[in-house]
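Here's a structure to explore together, one piece at a time. Have the model open beside you and follow along.

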Amino acid sequence: MSARVLSGKELAASIRAGAAERAAALAAAGAPPKLAVVVATADESSAWYVRSIARAAEKAGITCDIVDLGAQAAPGSIRDRLAALSDDDTVHGIILQTPLPQGAKLEDLAGAIAFEKDVDGANPLSLGRLAAGLPAFAPATAEAVVAILDHHEIDLAGSRVAVVGRSTVVGKPAAHLLLDRNATVTVCHSRTRDLAAVTSAADVVVAAVGRAGLITAEHVRAGAVVVDVGTNPTEDGGLVGDVDAVAVAGKAGALTPVPGGVGPVTTALLLRHTVNAAVQAADRG
Ligand SMILES: NC(=O)C1=CN([C@@H]2O[C@H](COP(=O)(O)OP(=O)(O)OC[C@H]3O[C@@H](n4cnc5c(N)ncnc54)[C@H](OP(=O)(O)O)[C@@H]3O)[C@@H](O)[C@H]2O)C=CC1
Ligand SMILES: Nc1nc(=O)c2c([nH]1)NC[C@@H]1CN(c3ccc(C(=O)N[C@@H](CCC(=O)O)C(=O)O)cc3)C=[N+]21
């Protein structure tokens, strides 16, 4: 028996098409949407993401400015740049890539991203509102986890979900969104005792750690749904998830692939958020 493959490609394509249509209308009205991607890392999985944002934005008619401050950037200079972009009326969305240089903390710096432009939901105001169930942009990856499960009609209400990873970009916001869908959520991390015992009790496992092969068949209950958020570069230039896909596919009921799963949906949602931010800016006048 082999697990059902929960592709993100079709969903991502339809989100991108919707964003492109609305971007064209904004451009026709003289206000083309613009996303600024601030980079202060040499991390390879971030580089994958930045390339895929740039490619997808161009195809959707969204201007994408990549602001590379270098992996040695001082926290103060990152903060200043975020503040300047927040003040720039031609910019509608801002994302600060993680990881950040030593001593720089996303939760701290992202306070300099204007709330209305915080398309990856990193400002503590956005995160707090998300946790409180109030309108705000959710981090695109966390939203992508729920969107891909919805797309494949996996029912979350009442189900036990184990989220592995508690970052501000993925684990914590994903836990909030899953809770809002009436899942019973357990959040695991590097200090979790007996990870396999916790994850193998779950109906749905969300892996967002950044370690290739961390989730093995032993971590997964037979028939469970597994969402692999991890994007770990391989030596031959490819990308693998956090899940040992071959072993887990023989036991799980369904599994998102890497590449072609959560990643493309994340990129597409970031574009949708940028267009939404541009529409809201136009409405404010
Ligand atoms: N596909 C996509 O769209 C996206 C993919 N990613 C990928 O997802 C992965 C995670 O990203 P991100 O959340 O930013 O990473 P972080 O490094 O910020 O967080 C990793 C989390 O994993 C936990 N962890 C580390 N080791 C273990 C372990 N052995 N057992 C259990 N938990 C552990 C850490 O725990 P602790 O808190 O205790 O340190 C931490 O909470 C990366 O591969 C990243 O590239 C990220 C965003 C989008
Ligand atoms: N503030 C912040 N938010 C993030 O969401 C964030 C980040 N920082 N730092 C880096 C990680 C990594 N990440 C990826 C997203 C999509 C793909 C992706 O689309 N991958 C394609 C493969 C690459 C391609 O073919 O373009 C796929 O999975 O199919 C990869 C990696 C987001 N991250």
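Let's start with an open sheet built from three strands, ordered S3-S2-S4, with parallel pairing. Bear in mind as you look that this is a predicted model. The edges of the sheet are strand S3, residues 63-68, and strand S4, residues 93-96. Each of these edge strands pairs on one side only. Step from one strand to the next and you'll find an average twist of 15°.

Now zoom in on one pairing. Strand S2 covers residues 34-39, and four bridges link S2 to S4 in the parallel sense. If you'd like a spot to fix your eye on, find Leu35 and look across: opposite stands Gly93 in S4.

What lies across S2 and S3? That's H2, a helix spanning residues 44-60. Compare its direction with that of S3 and you get an angle of about 155°. Keep H2 in mind, as this helix turns up again below.

Time to zoom out. The domain assignment splits the protein chain into domain 1, residues 30-115, and domain 2, residues 140-262. How far apart are the C-alpha centres of domain 1 and domain 2? The answer is 26 Å. Where the two domains meet, six residues come from domain 1 and six residues from domain 2. On the domain 1 side, two elements give two or more residues each: helix H2 and helix H4, the latter made of residues 106-109. And here's H2 again, giving the most to that side with three residues. In terms of character, the domain 1 side is an even mix, with two nonpolar, two polar and two charged residues.

Last stop: ligand 1. How many residues surround ligand 1? There are 29 of them, and the closest are Gly165, Ser167, Ser190, Gly210 and Thr266. Two helices give two or more residues to this shell: H6, which runs over 140-151, and H10, which runs over 262-284. Which one gives the most to the shell around ligand 1? That's H10, with three residues. As for the kinds of residue you'll meet around ligand 1, the shell divides into 15 polar, eleven nonpolar and three charged.

So that's the tour, from the S3-S2-S4 sheet, through the contact between domain 1 and domain 2, to the shell of 29 residues around ligand 1.

Methods
Residues numbered from 1 in each chain as written. Chains lettered and ligands numbered in written order. Predicted model: local features only at pLDDT ≥ 70, side-chain atom pairs only at ≥ 80, totals over all residues. Domains from an automatic or database assignment. Contact = placed C-beta atoms within 7 Å. Nonpolar A, V, L, I, M, F, W, Y, C, P; charged D, E, K, R; others polar. Near = placed C-beta within 6 Å. Pairing = 2+ DSSP bridges. Axes fitted to C-alpha atoms, helices over the stretch in contact; angles between N-to-C directions.
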